[in-house]
Amino acid sequence: MTIRRLRLIAFFGVFILIASSVLVTFWALQTQRTDARIINLAGRQRILIQKMALQVLAVQISDDPLYHDQLRLTESQFERTLEALIAGGPAPYTEDTIITLPPTRDPAILAQLEIVRDIWGEIDQAIHAVLGTNPASSAFEQAVAEVQRLSPDFLNQMDETVRMYEAAAA
């Protein structure tokens with residue numbers, strides 16, 4: 001082999017090494033960015049749980065249609081984000097931004113999200129009762145009480161979900 005051929009092989013070897021390094025770095029940054037967004041959304045779910053509990057109390061205090069609309073909006077945002085965390089797909093990220101999440105593949109996190117989804121089913125049913133029944137009825141009062149009873153465990157389960165996402169990202 002000639003010196004020229006060895007230099008050419010060395011050049012291509014260094015080029016491939018640098019290109020590989022750039023690609024791996026880009027992939028790692030994209031993964032970190034996705035993980036950060038997922039953790040942010042999971043953390044926001046906790047805030048939405050608290051917000052719904054307060055909005056239910058606002059509906060209880062005043063049957064203002066604005067409170068009903070706000071509760072419906074928060075409920076929808078929570079549900080769409082939960083489904084995107086589980087199965088992937090579009091999730092509201094900011095007021096005017098929708099992002100697409102990959103489906104969760106970690107079996108432990110999926111199991112935890114199923115616990116969250118089960119509690120959500122109960123709270124969602126109670127929220128629909130709050131929104132659809134007469135505020136003077138006992139069904140309304142029971143629905144408000146159910147949301148308030150389930151909210152602390154719901155928050156704890158969502159906290160655990162966030163911790164699991166953080167551990168997986170680390």
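## The α3–α4 loop

Asn134 is found in the loop between α3 and α4. This is a predicted model, so keep that in mind for everything below. With a relative accessible area of 49%, Asn134 counts as partly exposed, because the exposed class only starts over 50%.

The side chain of Asn134 has a local partner: one of its polar atoms lies 2.8 Å from the backbone nitrogen of Ala136. There's also a long-range neighbour to look at. Asp63 is 71 residues away from Asn134 along the chain, yet their C-alpha atoms are separated by 9.3 Å.

## The overall layout

Zooming out, the chain has four helices and two strands. Walk along the sequence and you get the pattern α-α-β-β-α-α. Of the 170 residues in the chain, 34% are buried.

If you take the contacts with a separation of 6 or more, 67% of them join residues 24 or more positions apart. As for the outside, the accessible surface of the chain comes to about 10300 Å², and carbon and sulfur atoms own 61% of that.

## The hairpin

Now for the two strands. Strand β1 covers residues 89-94 and pairs with β2 in the antiparallel sense, over five bridges. Together β1 and β2 make a hairpin, with two residues between them. One of the bridges pairs Thr94 with Thr97, the latter in β2.

## Helix α3

Next, the helix that runs from 107 to 132. α3 has 26 residues and reaches 36 Å from its first C-alpha to its last, close to the 38 Å expected at 1.5 Å a residue. Its N-terminal end is capped by Asp106, where a side-chain oxygen lies 2.8 Å from the backbone nitrogen of Ala108.

The buried residues of α3 include nonpolar names such as Ile109, Leu113, Ile123 and Val130. Gln112 and Asp124 are on that buried list too.

Val116 is a good one to click on in α3. Its relative accessibility is 0%, which means Val116 counts as buried. Setting aside neighbours within four places in sequence, Val116 is in contact with Phe78, Leu82, Phe154, Gln157, Met158 and Thr161. Take Phe154 from that set: 38 residues separate it from Val116 in sequence, while the C-alpha to C-alpha distance is 6.8 Å.

## The nonpolar core

What holds the most contacts inside the core? The largest nonpolar core has 39 residues, and the members touching the most other members are Phe78, Leu101, Trp120, Ile127, Phe154 and Tyr165. At least two core residues come from each of α1 (3-61), α2 (65-87), β2 (97-101), α3 (107-132) and α4 (138-169). The largest share, eleven residues, is supplied by α4.

Leu101 is worth a look as one of those well-connected members. Beyond its neighbours within four places in sequence, Leu101 is in contact with Ile38, Leu41, Ala84, Leu85, Gly88, Gly89 and Ala91.

## A threonine in α2

Is Thr81 of α2 buried or exposed? Thr81 is buried, since its relative accessible area is 0% and the buried class takes in anything under 20%. Not counting residues up to four places away in sequence, Thr81 touches Leu41, Arg44, Gln45, Ala91 and Pro92. Two of these, Leu41 and Ala91, also turn up among the contacts of Leu101.

Technical notes. Residues are numbered from 1 along each chain as its sequence is written. This is a predicted model: local features need pLDDT of at least 70, side-chain atom pairs count only at pLDDT 80 or more; totals for chains, interfaces and linings use all residues. Side-chain values use heavy atoms; hydrogens and water are left out. A nonpolar core is a set of buried Ala, Val, Leu, Ile, Met, Phe, Trp, Tyr and Cys residues joined through side-chain atoms within 4.5 Å. Buried means under 20% relative accessible area, exposed over 50%, partly exposed in between (1.4 Å probe, protein chains only). Contact means heavy atoms within 4.5 Å. The expected span of a helix is 1.5 Å times one less than its number of residues. A polar contact is a pair of N or O atoms within 3.5 Å; within protein, one must be able to donate a hydrogen and the other to accept it, and residues adjacent in sequence count only if both atoms are side-chain atoms. Accessible areas come from the Shrake-Rupley method with a 1.4 Å probe; for residues, only the protein chains shown count as cover. Two strands pair if DSSP finds at least two bridges between them.
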